[in-house]
Amino acid sequence: MKKPVMNKLLMDDVDFKRKINIPWLFKMAVRDSRRNRSRLLLFISSIIFGIAALVAIYSFRYNIQNDINSQAATLIGADLAITGNKDPDVQFKALLDSLGDDRSEQRSFASMIYFPKSQGTRLVQVRALEGKFPYYGQLETNPSQAGNTFKMGKYALVDKTLMLQYNAKVNDSIKIGNTTFLIKGVLNNAPGQTGLSAGIAPIVYIPLRYLHETGLVKVGSRVNYSYFFKYNKQTDIDKIVKKINPHLDSADFNYETIETRKENTGRSFADLSRFLSLVGFVALLLGCVGVASAINIYIREKVASIAILRCIGVKASEAFLIYLIQIIGIGLIGSIAGALLGTAVQHLLPLVLKDFLPITISVNISWIAVIQGVILGVIISVLFGLLPLISIRNISPLNTLRLSFEESSISRDPLRWFVYFLVLVFILSFSYMQLGDWTAATVFTIGIMIAFLVLTAIAYLLIRFTRLLIMSSWSYIWRQGFANLYRPNNQTIILTVSIGLSTAFICTLFLIQQLLIGQVTLSASGNQSNMILFDIQTKQEKALADLTRKQGLPILSQVPIITMRLEKVNGKTAADAKKDSTSHISQRAFSYEYRVTYRDTLTASEQITAGKFEGVATTGKDIPVSIEERFAERVKVKVGDHLLFNVQGVMMPAIVSSIRKVNWNKISTNFQIVFPTGVLEDAPQFHILLTHVPSNEVSAQYQRAVVKQFPNVSIIDLGLVLSVLDDLLDKIGYVIKFMSGFSIITGIIVLISSVRISKYQRIQESVLLRTLGASRKQIFAITSLEYLFLGALSALTGIVIAIASSWFLAKYRFNMPYSINFMPVAVLFLIITSLTIIIGLLNSRGILNKPPLEVLRSNA
Amino acid sequence: MENILKISNLNKTYKSAGHILTVLDDISFTVTAGSTNAIVGPSGSGKTTLLGLCAGLDSATDGIVELKDINLGSLTEDKRAQMRNKHVGFIFQNFQLLPTLTALENVMVPLELRGEKNINARAIDLLDKVGLADRSHHYPAQLSGGEQQRVSLARAFSNSPSILFADEPTGNLDAETSEKVIKLIFDLNKEAGTTLVLVTHDLDLAAKTNRILKIKGGKLISDEKTGNE
């Protein structure tokens with residue numbers, strides 16, 4: 001065949017190197033969007049709440065960082081704080097006395113207090129203070145001068161929740177140990193205190209000089225020693241700390257400066273904000289699903305217009321850019337709206353999180369957060385819009401003559417796989433930025449991927465099997481309702497993924513919360529111990545047991561406790577282990593003060609995993625001890641290894657005879673180290689007693705009797721702990737619910753926009769059905785059935801995913817048995833399904849209520 | 001006379017359900033510049049496919065399409081798009097106006113693409129020629145079928161094409177409107193000296209051209225001069 005000769009002149013006549021005319025592309029993007037702007041805004045609204053959540057959290061993060069920087073001094077209350085849990089020796093005391101221009105001293109410990117007026121008792125954190133601490137900030141009290149005047153006599157400052165709880169007033173008395181103090185003021189806030197910590201361990205301040213008189217501090221008592229220092233001149237605290245650090249190490253004391261507190265507090269809130277922003281990110285991802293599917297439908301509807309443009313000479317890249325500009329523009333509008341909403345919402349965050357915060361949070365517009373949110377919104381719109389956008393390149397001008405949108409060639413497009421890869425990289429990188437840990441980010445990304453894949457697979461299976469399931473004997477309405485799930489332009493996949501993912505997320509949060517509360521409640525139910533008495537001295541042991549029995553209460557357990565330290569592991573001291581790079585023994589293992597018991601049998605919550613439990617020591621041999629498996633892991637020992645314990649000055653060589661698995665979830669006296677009988681009986685010790693109180697009244701009566709007769713004995717009322725824990729979980733749950741609210745709203749928006757898209761798809765056939773004589777009732781029934789199937793299946797799949805993920809978390813994260821309360825899950829299922837039907841019907845009401853001709857004309 | 005379009009041994013096949021379907025089978029002809037040509041044939045004979053290939057909207061399975069001596073098969077789709085923008089005008093049965101653009105904007109698009117100046121006045125002039133200057137700011141949905149086809153005509157002539165392809169240009173119009181549109185097509189064509197290739201069922205319309213090519217079963221079965229000059 002003769003090859004044609006190219007006419008050079010003519011080829012030059014056509015400008016094949018025509019440059020892309022950016023202003024024209026913008027003009028075309030604006031023109032093309034004219035009649036679709038409200039729809040585009042609806043599509044993009046899916047990301048508004050995700051962006052709002054992130055901007056709110058980012059703003060909150062920046063504000064909190066500024067607040068921590070400006071308030072760090074008031075958090076610690078001094079330039080330098082040194083703390084330890086033993087009385088400093090003379091040499092170390094001399095060192096402490098040489099520091100600072102002004103010094104304060106504090107001892108804190110847990111103790112019972114007694115309100116004589118109301119006859120109430122409660123375990124509190126007693127802080128015995130001497131000096132002018134806090135040097136920065138103040139003890140916020142009512143009356144305000146009480147923060148200083150309480151040190152002038154036998155006075156106390158009592159936490160405001162305690163005052164309310166026991167109906168106490170200023171100038172009432174409280175009894176701590178053997179001493180009665182007059183309440184000088186109500187303590188509203190102490191340096192570094194959060195609402196939450198006050199709820200768990202309410203604080204009572206007393207002057208240090210009356211501590212001895214209370215008779216509460218004895219050998220073996222668990223007391224925290226704190227020393228606060230103030231420097232008048234500009235001093236390099238870091239330099240001082242560096243100099244005294246070796247002494248602090250050898251004395252087992254820790255230090256804290258304003259800078260370290262700044263870092264630590266910042267780190268804690270970085271963790272909190274990371275978690276919250278991850279929750280916000282899930283909302284955003286959910287929105288992205290909505291964006292991707294909406295743009296997909298949008299581009300499908302634009303095939304004819306794109307083909308015309310191609311026909312009259314627009315290049316594939318130019319057509320792609322026209323729609324990319326639209327997506328960027330609409331993404332920008334959505335992101336700005338989200339950022340504005342987020343800036344408004346951040347005003348609520350301090351209210352939601354106030355119980356977790358030790359500082360006053362200021363609310364300012366953070367422009368960095370706003371810019372971050374807007375950029376993120378645009379990136380995410382483009383990234384998730386790219387999948388449908390790249391198909392524009394494949395739209396042939398031939399579509400002007402014959403519509404043939406070829407799906408098969410699109411799925412083989414390598415660029416499509418590259419976009420999938422980009423999306424994955426984005427999710428992984430963003431998760432890493434939030435979590436700061438590649439493993440966690442990978443697990444999160446894989447988890448999201450699995451959820452997406454499962455939901456998509458379920459939707460595909462539904463589409464395939466519904467076709468087979470429909471029976472010709474069914475009524476027309478049922479057949480039509482079912483058929484809507486698989487017919488062309490169905491919304492089965494997008495609705496299943498968006499509804500299912502929202503359900504899975506909400507349900508997982510709910511199930512985990514239920515599991516945590518259920519676990520604690522279970523532990524406290526029945527005849528199990530629900531009251532723990534500790535700090536019982538040996539000579540009080542029998543009398544207290546008698547008192548307990550006299551009150552008609554059982555003694556479920558009575559255990560001796562001896563405090564000791566670990567000196568050597570297989571001959572190595574802490575210093576040896578530190579020097580030896582091959583040793584992986586935790587340094588903390590040497591500084592920790594262990595509370596150890598001795599007995600000759602195992603308890604119900606223990607199980608030997610290696611070696612043999614030896615209940616009685618043999619004279620002349622190393623003491624056979626049983627250690628808990630996680631302790632064995634930390635100290636890197638196995639059966640037969642040697643440990644040297646320092647029992648209040650006496651060295652005791654021991655050999656690991658067995659390793660135990662302990663069920664820590666059970667409320668009983670569990671120990672890391674158990675000694676055999678015949679060794680520690682004469683060592684300084686205190687005892688613990690466990691009992692079960694049947695009611696709050698009996699509990700109060702018993703506590704009063706114990707505190708009156710044994711003022712040094714502390715009592716933990718599990719009922720109270722449970723109510724505090726319940727309150728804590730409620731507060732955490734509230735924060736989580738607040739944040740997941742963004743996901744729920746996003747899910748609803750995605751649902752609305754998806755259903756609206758299907759409305760555009762279905763409008764023609766619904767009108768046709770009405771024209772052919774279908775009644776409103778029949779169309780209503782068909783639409784209801786379609787959304788009933790979709791809502792029910794998606795919600796069910798979401799719940800199954802939630803059950804799987806909560807089981808995973810329970811087993812591998814919280815290490816607790818798994819159980820489900822199906823009733824609330826069923827309620828959630830009904831709510832989600834009903835919501836889907838309601839939204840579906842609300843969106844279809846336009847077709848139902850108007851005459852067919854009117855609808856046909858308005859859609860012409 | 002110079003040939004503007006040369007078709008040599010053109011074949012087009014599709015794969016359908018594992019079978020090869022031949023739509024065009026070894027078609028060859030040439031079109032001289034400034035002539036008017038009609039392609040006629042029964043439904044499914046391959047007329048529209050042939051038009052699509054001649055206009056560079058699709059690629060042939062075999063054979064050569066030379067438009068203005070340029071082998072369209074050797075060009076990428078983007079280069080063919082630029083060829084169309086420079087030399088080709090289109091009229092479709094279903095008008096194919098961009099629904100979100102006004103009549104004026106629809107006419108301006110090919111000129112804007114070429115980066116030409118003073119296009120507003122030229123587009124209004126063209127709309128005036130088709131009798132729609134007063135409807136220039138209306139959207140396609142606000143125009144009747146006949147009006148839409150007249151806008152389509154104005155757009156087709158806006159880039160002063162060398163060749164105009166028309167696919168059943170009166171297929172969606174009533175008889176009276178068809179008459180007006182046909183008159184406009186031939187008048188504008190004459191005035192601009194454009195080559196016309198139209199696909200139609202309408203033998204009366206075909207008879208108005210210089211030449212009729214008959215297609216049946218994908219083959220060119222006759223090529224007759226009508227005697228019109």
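The exercises below work through a predicted model, one region at a time.

Residues are numbered from 1 along each chain as its sequence is written, and chains are lettered from A and ligands numbered from 1 in the order in which they are written. Because the model is predicted, local features need pLDDT of at least 70 and side-chain atom pairs count only at pLDDT 80 or more, while totals for chains, interfaces and linings use all residues.

**Exercise 1. Describe the side of chain A that touches chain B.**

Step 1. Count the residues: 30 of chain A are in contact with 36 of chain B. Two residues are in contact if their C-beta atoms, placed from the backbone, lie within 7 Å.

Step 2. Find the elements. Helix H1 (8-13), helix H2 (22-33) and helix H11 (303-311) of chain A each give two or more residues to this side. Helices (H or I, at least four residues) and strands (E, at least two) are DSSP runs, numbered from the N terminus. The largest share, four residues, comes from H11(A).

Step 3. Sort by class: there are 17 nonpolar, five polar and eight charged residues on this side of chain A. Here Ala, Val, Leu, Ile, Met, Phe, Trp, Tyr, Cys and Pro count as nonpolar, Asp, Glu, Lys and Arg as charged, and the others, Gly among them, as polar.

**Exercise 2. State which strands pair with E8(A), and in which sense.**

Step 1. Locate the strand. E8(A) covers residues 203-207, and four of its five residues are buried. A residue is buried if 20 or more other C-beta atoms lie within 10 Å of its own, exposed if 12 or fewer, and partly exposed in between, with C-beta atoms placed from the backbone.

Step 2. Take the parallel partner. Strand E3 (residues 120-130) of chain A pairs with E8(A) in the parallel sense over five bridges; Leu129(A) has Pro207(A) as its bridge partner. Two strands pair if DSSP finds at least two bridges between them.

Step 3. Take the antiparallel partner. Strand E5 (residues 155-159) of chain A pairs with E8(A) over two bridges, and Leu157(A) has Tyr205(A) as its bridge partner.

Step 4. Look at Tyr205(A) again. Beyond its neighbours within four places in sequence, its contacts include Leu129(A) and Leu157(A). Tyr205(A) is also among the residues with the most contacts inside the largest nonpolar core, which has 262 residues. Such a core is a set of buried Ala, Val, Leu, Ile, Met, Phe, Trp, Tyr and Cys residues joined through C-beta atoms within 7 Å.

**Exercise 3. Find the two sheets of chain B on which H1(B) packs.**

Step 1. Read the six-stranded sheet. Its order is E6-E7-E8-E3-E9-E10 (chain B), it is open, and the pairing is mixed. The edges are strand E6 (88-91) and strand E10 (219-225) of chain B, each pairing on one side only. From one strand to the next, the twist averages 15°.

Step 2. Place the helix on this sheet. H1(B), residues 47-54, touches strands E3 (36-40), E7 (163-167), E8 (195-200) and E9 of chain B, and its direction makes about 155° with that of E8(B). Axes are lines fitted to C-alpha atoms, for helices over the stretch in contact, and angles run from 0 to 180 degrees between N-to-C directions.

Step 3. Read the four-stranded sheet. This open sheet has the order E2-E1-E4-E5 (chain B) with antiparallel pairing, and its edges are strand E2 (19-32) and strand E5 (70-71) of chain B.

Step 4. Place the helix again. H1(B) touches strand E1 (3-16), E2 and E4 of chain B, at about 125° to the direction of E1(B).

**Exercise 4. Compare Lys68(B) and Asp69(B): which is buried and which is partly exposed?**

Step 1. Locate both. Lys68(B) lies in the loop between E4 and E5 of chain B, where Asp69(B) is found too.

Step 2. Check phi. Lys68(B) has a positive phi of about 50° and Asp69(B) one of about 70°, although neither is a glycine.

Step 3. Count neighbours. Lys68(B) has 22 other C-beta atoms within 10 Å and is therefore buried. Asp69(B) has 18 inside 10 Å, so Asp69(B) counts as partly exposed.

**Exercise 5. Decide how H5(B) and H6(B) are oriented.**

Step 1. Take the geometry. H5(B), residues 145-158, and H6(B), residues 175-192, pack at an angle of about 10°, with their axes 10 Å apart.

Step 2. Apply the cut-offs. Angles under 35 degrees count as roughly parallel, over 145 as roughly antiparallel, 65 to 115 as roughly perpendicular and the rest as oblique. H5(B) and H6(B) are therefore roughly parallel to each other.
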